[in-house]
Each structure stands twice: as C-alpha cells, then as structure tokens.
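Let's walk through this structure together, moving from single side chains to the contact between chains. Keep the 3D view open as you read.

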Amino acid sequence: MTESGPLTTHVLNTGDGVPAARMSLSLHRLDSEMKIWTMLSVSMTNEDGRCSGLISREAFVPGMYKLRYETGSYWDSLGQNSFYPYAEVVFTISDSKQKIHLPLLMSRFSYSTYRGS
Amino acid sequence: MSTLRLQQLHGHIFPENKTRAMATSSSPLTTHVLNTAKGVPGSNMALSLHRLDPLSETWMIITTGTTNADGRCPGLITQQMFLSGVYKLRFETGPYWESLGETSFYPYVEIVFTIDNPSQKYHIPLLLSQFSYSTYRGS
C-alpha cells in the first residue's frame, strides 16, 4: 500500500546539484464558491527533497490546487539571497484517480516545474 | 479641502494610463513568453504586473497587457514607477491554451520576485507548455 498519497513533489536545488532538503511547503485548494484558498497541509521536504503525505486519496477531489514552496526561506537558511521570495504552482485536477508528481527544479535565479510521474 | 486639491489628489491616485501597458519602449522590466510545446512565441497572452504594498500586504495592480506576436509585452512599467519591492507577473496561461483548443495543467502562472535594485534591468521569460513551465532572471 502506498503511503505517499496521490500527490507528491520533489524539490531539486539545481544551483548546487543537490536535493532541496528541509524546505517548507504548503498545499491549498481553491474553494470554488467563495473563491478563497484553503490550506490543506503544511509539510517539509526530507533529505532527498521529497515530500509525500500531502493529501489523502479521499481529500483529493477535482478542483484547483496550489503548492506553495518557501524557496526564499530555504535560500536564507543557506545564507544566500534569491530572486523569488516563494514559488507557487497552481494546477487543476480534473481526475482525482490520477497520481500527480510535481517536481520543482530551482536555483537562486530560476525555477521550473512540470507534471511528472 | 478645495475642489482643485481634490482633483490633484485624484490625479495622483488614478493617473491616466495607470493600468494599461504603456507605449514607452524602455521599461526596466520585460518579459518574453515562449510556447515550448510548439516552438513559437506565446503570443496574445493576457498578463498583469502587480506590486505588493508592504503596509497592507495586498497586491496592487500596476499594468495589464497582452503579449504581441513575438511573445513580448513592452511598456510594462516606467522607470519612475519601478520602486524596490516585491512584484508579481501573472500570466493567463489557461485561456491561452484554450484559445489554441487545448487543455492545460495550469490555469495561470504567477511569478513573484523581489526587486532590490530598480536601476538594473530585469528580464523575466516564461517558457511554457501545457504541462510544464520555467522562468529565470535573464537579460
């Protein structure tokens, strides 16, 4: 039985070529009626830059979600500045039976994300 | 307060052309949208520039615009208005893909960045496909 849930992420520090360990992040869902974001979970990446257990299969209903990565705090903790105070990735889930893997590749002056597997 | 003074204040708070992309060609902040799925510029994409008001912690819209045929949007901000602070470029990527008859994973993309030194030039490209995007501080 998979413990990781239907949504996982993996943050890579491409500036240093290492996983981004101990980065705080949070998952939010947009309430479709009230048009406000509801925070679902707050987590931290592990030593491998991964984070699982963000949401349960039952809670992962279709809708608009946002993963917010505290990239600014991460670079601060390494004694470095960065161009982005945080990175938010907003995505749409239409089929909640899918498994969604969202990597974030980031350096101090760039980042990229994609829907992976 | 006199009517003249009220009019002056109104002019400061709601200057003409505040929210439409300005025609000036020397914006210190530029962007460039590339549709990497098709290998073409991301043209005709709506976008907006916002600055975070540090006191109220709310986003104030500075400019709205649409990318041209080359995926660029000149006139995002004037040097005068380009203060230090936290800014956000919001790209309406969802409607963009819809207009091409395609679905996409991201309803919009917001890039939040810090301007420490407004005397520098900042170029913020967005490389975009239906299921990925990347951005960087370029030149």
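The side chain of A:Thr45 comes to 2.8 Å from the backbone nitrogen of A:Met23. That same side chain also reaches a backbone oxygen, that of A:Ala20, at 2.7 Å. Please bear in mind, as you look at these distances, that the model is predicted. To find A:Thr45, go to the loop of chain A between β4 (36-44) and β5 (50-51). Is A:Thr45 buried or exposed? Its relative accessible area is 3%, under the 20% cut-off, so A:Thr45 counts as buried. If you set aside neighbours within four places in sequence, the residues in contact with A:Thr45 are A:Val11, A:Ala20, A:Ala21, A:Arg22, A:Met23, A:Leu25, A:Arg50 and A:Cys51.

A:Met23 gives us a handy bridge to another part of chain A. A:Ser77 is 54 residues from A:Met23 in sequence, and their C-alpha atoms are 9.6 Å apart. You will find A:Ser77 in helix α1, residues 71-77 of chain A. With a relative accessible area of 58%, over the 50% cut-off, A:Ser77 is classed as exposed.

Now turn to chain B for another threonine. B:Thr63 sits in strand β4, which covers residues 58-66 of chain B. Its relative accessible area is 1%, so B:Thr63 is buried. Which backbone atom does the side chain of B:Thr63 reach? The partner is the backbone oxygen of B:Leu76, at 2.4 Å. B:Leu89 is another landmark here: it lies 26 residues from B:Thr63 along the chain, with 9.6 Å between their C-alpha atoms.

Charged pairs come next. Over all chains, a search of the whole structure finds 11 salt bridges. One of them joins A:Glu88 to A:Lys66, with 3.5 Å between the closest N and O atoms. This pair links distant parts of the chain, since A:Glu88 belongs to strand β7 (residues 87-93) of chain A and A:Lys66 to strand β6 (residues 63-69) of chain A, 22 residues apart. Are the two partners buried or exposed? A:Glu88 has a relative accessibility of 11% and counts as buried, and A:Lys66, at 9%, is buried too.

Stay with this corner of chain A a little longer. A:Arg68 and A:Glu70 meet through their side chains in a salt bridge of 2.8 Å, N to O. Here A:Arg68 is partly exposed, with a relative accessible area of 22%. Put the pieces together and you have a network of salt bridges linking A:Lys66, A:Arg68, A:Glu70 and A:Glu88. Chain B offers a salt bridge to look at as well: the side chains of B:Arg90 and B:Glu92 meet at 2.7 Å, N to O. B:Arg90 is partly exposed, its relative accessible area being 23%.

From charged groups, let's move to the nonpolar interior. In soluble globular proteins, nonpolar side chains tend to be buried together. The largest nonpolar core in this model has 52 residues, and the members that touch the most others are A:Phe91 and B:Phe113. Which residues surround B:Phe113? Not counting residues up to four places away in sequence, B:Phe113 touches A:Phe83, A:Tyr84 and A:Pro85 from chain A, and B:Leu29, B:Leu49, B:Gly85, B:Val86, B:Tyr87, B:Lys88, B:Leu89 and B:Ile124 from chain B.

Those contacts lead us to the interface itself. Chain A and chain B bury about 1,800 Å² between them, and carbon and sulfur atoms give 60% of that area. Three residues, B:Phe105, B:Val112 and B:Tyr133, supply 32% of what chain B buries against chain A, more than any other three residues. Each chain brings 21 residues to the contact. How many salt bridges cross this interface? The rule finds 0 between chain B and chain A, while 7 residue pairs are in polar contact across the interface. On the side of chain B that touches chain A, two or more residues come from each of β6 (109-115), β7 (122-129) and β8 (132-136) of chain B. The largest share, 6 residues, belongs to β6(B). By class, this side of chain B has 15 nonpolar, 4 polar and 2 charged residues.

Methods. Residues numbered from 1 in each chain as written. Chains lettered and ligands numbered in written order. Predicted model: local features only at pLDDT ≥ 70, side-chain atom pairs only at ≥ 80, totals over all residues. Heavy atoms only, no water. Core = buried A, V, L, I, M, F, W, Y, C linked by side-chain atoms within 4.5 Å. Buried < 20%, exposed > 50% of the residue type's maximum accessible area, 1.4 Å probe, protein only. Contact = heavy atoms within 4.5 Å. Buried area = accessible area lost by both parts, 1.4 Å probe. Salt bridge = Lys/Arg side-chain N within 4 Å of Asp/Glu carboxyl O. Polar contact = N/O pair within 3.5 Å; in protein donor to acceptor, adjacent residues only side chain to side chain. Helix = DSSP H or I, 4+ residues; strand = E, 2+ residues; numbered from the N terminus. Nonpolar A, V, L, I, M, F, W, Y, C, P; charged D, E, K, R; others polar.
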